[in-house]
Amino acid sequence: MNMKYRSLILALSAIFMAGCQFLETSNQITDEVPFTASSESFQPQTRTSMNSEKQVVWSSGDHLAIFQGSTLANEYRVSESSAGKTNGSFTRVIGSGDDFYAGTELPCNVAFYPYVADLTLSGAAVEDQGVAYSIAGYTIPASQNYTEKSFANGAFPMVAVTETIGDHNLLFKNVLGAIKLQLKGDQTVTSITITGKNNEKLSGAATITAYSNNLTPAITMTGAYAAAESVTLD
């Protein structure tokens, strides 16, 4: 990247950076009732990519995993009309969960962005903060691709817990934070690597705990020895 003046945005685990938090298959879509999705309000607003007004919006091709009243997830895709907007409508992808599997019943819907195959969700656990749902199977990437004036697509995982199964309004909470680097000069930059001060684990396998009552989620690095202590922006 030839550098005159560039703004670089890198997603980081909240255990290291808790600053301004942010928020793909070509299958057919069913005609089920869609889910509407929005994330918590920040300045700028948060979602999956950033527009010229510094608002973060849903991107074409965004996919969610939704545990719809069950510990087994279905795949949902954003409608084309929602691309570039701060609120999105998602419809289930045909072929996602059409076979029968055994899952534990949930009293609500739990959603996770971005969609990852083979995500697992443990049953509800009552804690002081509320009811907790743990999602495993997501890996924080050690390398993120540079995107002009934005961050890497799908770099910011988000979770949402509805009040009931019939509630299809997903109010997402963001899991990671972000660091913005502003560089000026004539040098050529091919990559930037961020590390913590105290050997914090910044990438690798993670478990995300989502809470009812619209509480802030938690993240735990699950592969302590395999996890990396850095994140690189290519």
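A residue counts as buried when its relative accessible area is under 20%, as exposed when that area is over 50%, and as partly exposed in between. The exercises below use this definition on a predicted model.

**Exercise 1. Classify Phe-112 and Tyr-138 as buried or exposed, and describe the ring pair they form.**

Solution.
Step 1. Phe-112 has a relative accessible area of 0%, so Phe-112 is buried.
Step 2. Tyr-138 has a relative accessible area of 5%, so Tyr-138 is buried.
Step 3. A pair of aromatic rings is described by the distance of the centres and the angle of the planes.
Step 4. A search of the whole structure gives one aromatic pair. In this pair, Phe-112 and Tyr-138 have ring centres 5.4 Å apart and planes at 65°.
Step 5. Planes over 60 degrees apart count as edge-to-face, and the pair of Phe-112 and Tyr-138 is edge-to-face.
Step 6. Phe-112 belongs to strand S8 and Tyr-138 to strand S11 (residues 130-140); the two are 26 residues apart, and the pair links distant parts of the chain.

**Exercise 2. State which strands pair with S11, and in what sense.**

Solution.
Step 1. Begin with the whole chain: it has zero helices and 19 strands.
Step 2. S9 and S11 run antiparallel and are joined by two bridges. Across this pairing, Leu-121 stands opposite Ile-135 in S11.
Step 3. Strand S10 (residues 125-127) also pairs with S11 in the antiparallel sense, over three bridges. Here Ala-125 stands opposite Ala-132 in S11. With two residues between them, S10 and S11 form a hairpin.
Step 4. S17 pairs with S11 over eight bridges, again in the antiparallel sense. Ile-135 stands opposite Ile-208 in S17.
Step 5. Put the steps together: Ile-135 stands opposite Leu-121 and opposite Ile-208.

**Exercise 3. Find how many salt bridges the structure has, and say which parts of the chain are tied together.**

Solution.
Step 1. A search of the whole structure finds one salt bridge.
Step 2. The partners are Glu-229 and Lys-201, whose closest N and O atoms are 3.3 Å apart. The cut-off for a salt bridge is 4 Å, so 3.3 Å lies within it.
Step 3. Glu-229 sits in the loop between strand S18 (218-221) and strand S19 (230-233), and Lys-201 in the loop between strand S16 (192-195) and strand S17 (204-211); the pair therefore ties together parts 28 residues apart in sequence.
Step 4. Glu-229 is partly exposed because its relative accessible area is 34%. Lys-201 is partly exposed as well, at 24%.

**Exercise 4. Decide whether His-63 is buried or exposed, and name what its side chain contacts.**

Solution.
Step 1. His-63 is located in strand S5 (residues 63-70).
Step 2. The relative accessible area of His-63 is 4%, so His-63 is buried.
Step 3. The side chains of His-63 and Glu-75 are joined by a polar contact of 2.6 Å.

**Exercise 5. Explain what is unusual about the backbone at Pro-114, Asn-213 and Asn-214.**

Solution.
Step 1. Start from the general pattern: most residues other than glycine have a negative phi, and most peptide bonds are trans.
Step 2. The peptide bond from Tyr-113 to Pro-114 is cis, with omega near 0°. Pro-114 is in the loop between strand S8 (105-113) and strand S9 (120-121).
Step 3. Asn-213 is not a glycine, yet has a positive phi of about 65°. Asn-214, also not a glycine, has a positive phi of about 60°.
Step 4. Asn-213 lies in the loop between S17 and S18, as does Asn-214.
Step 5. Asn-213 is exposed, because its relative accessible area is 60%. Asn-214 has 47%, so Asn-214 is partly exposed.

**Exercise 6. Describe where Asn-174 is placed, then give the burial of the chain.**

Solution.
Step 1. Asn-174 is part of strand S14 (residues 169-174). With a relative accessible area of 1%, Asn-174 is buried.
Step 2. Phe-156 is 18 residues from Asn-174 in sequence, and their C-alpha atoms are 7.3 Å apart in space.
Step 3. For the chain, 47% of the 234 residues count as buried. The accessible surface of the chain is about 11600 Å², and 49% of this surface belongs to carbon and sulfur atoms.

Conventions: Residues are numbered from 1 along each chain as its sequence is written. This is a predicted model: local features need pLDDT of at least 70, side-chain atom pairs count only at pLDDT 80 or more; totals for chains, interfaces and linings use all residues. Side-chain values use heavy atoms; hydrogens and water are left out. Helices (H or I, at least four residues) and strands (E, at least two) are DSSP runs, numbered from the N terminus. Buried means under 20% relative accessible area, exposed over 50%, partly exposed in between (1.4 Å probe, protein chains only). Accessible areas come from the Shrake-Rupley method with a 1.4 Å probe; for residues, only the protein chains shown count as cover. A salt bridge is a side-chain nitrogen of Lys or Arg within 4 Å of a carboxyl oxygen of Asp or Glu. A polar contact is a pair of N or O atoms within 3.5 Å; within protein, one must be able to donate a hydrogen and the other to accept it, and residues adjacent in sequence count only if both atoms are side-chain atoms. Rings of Phe, Tyr and Trp (its six-membered ring) pair if their centres lie within 6.5 Å; planes under 30 degrees apart count as stacked, over 60 as edge-to-face and the rest as tilted. Two strands pair if DSSP finds at least two bridges between them.
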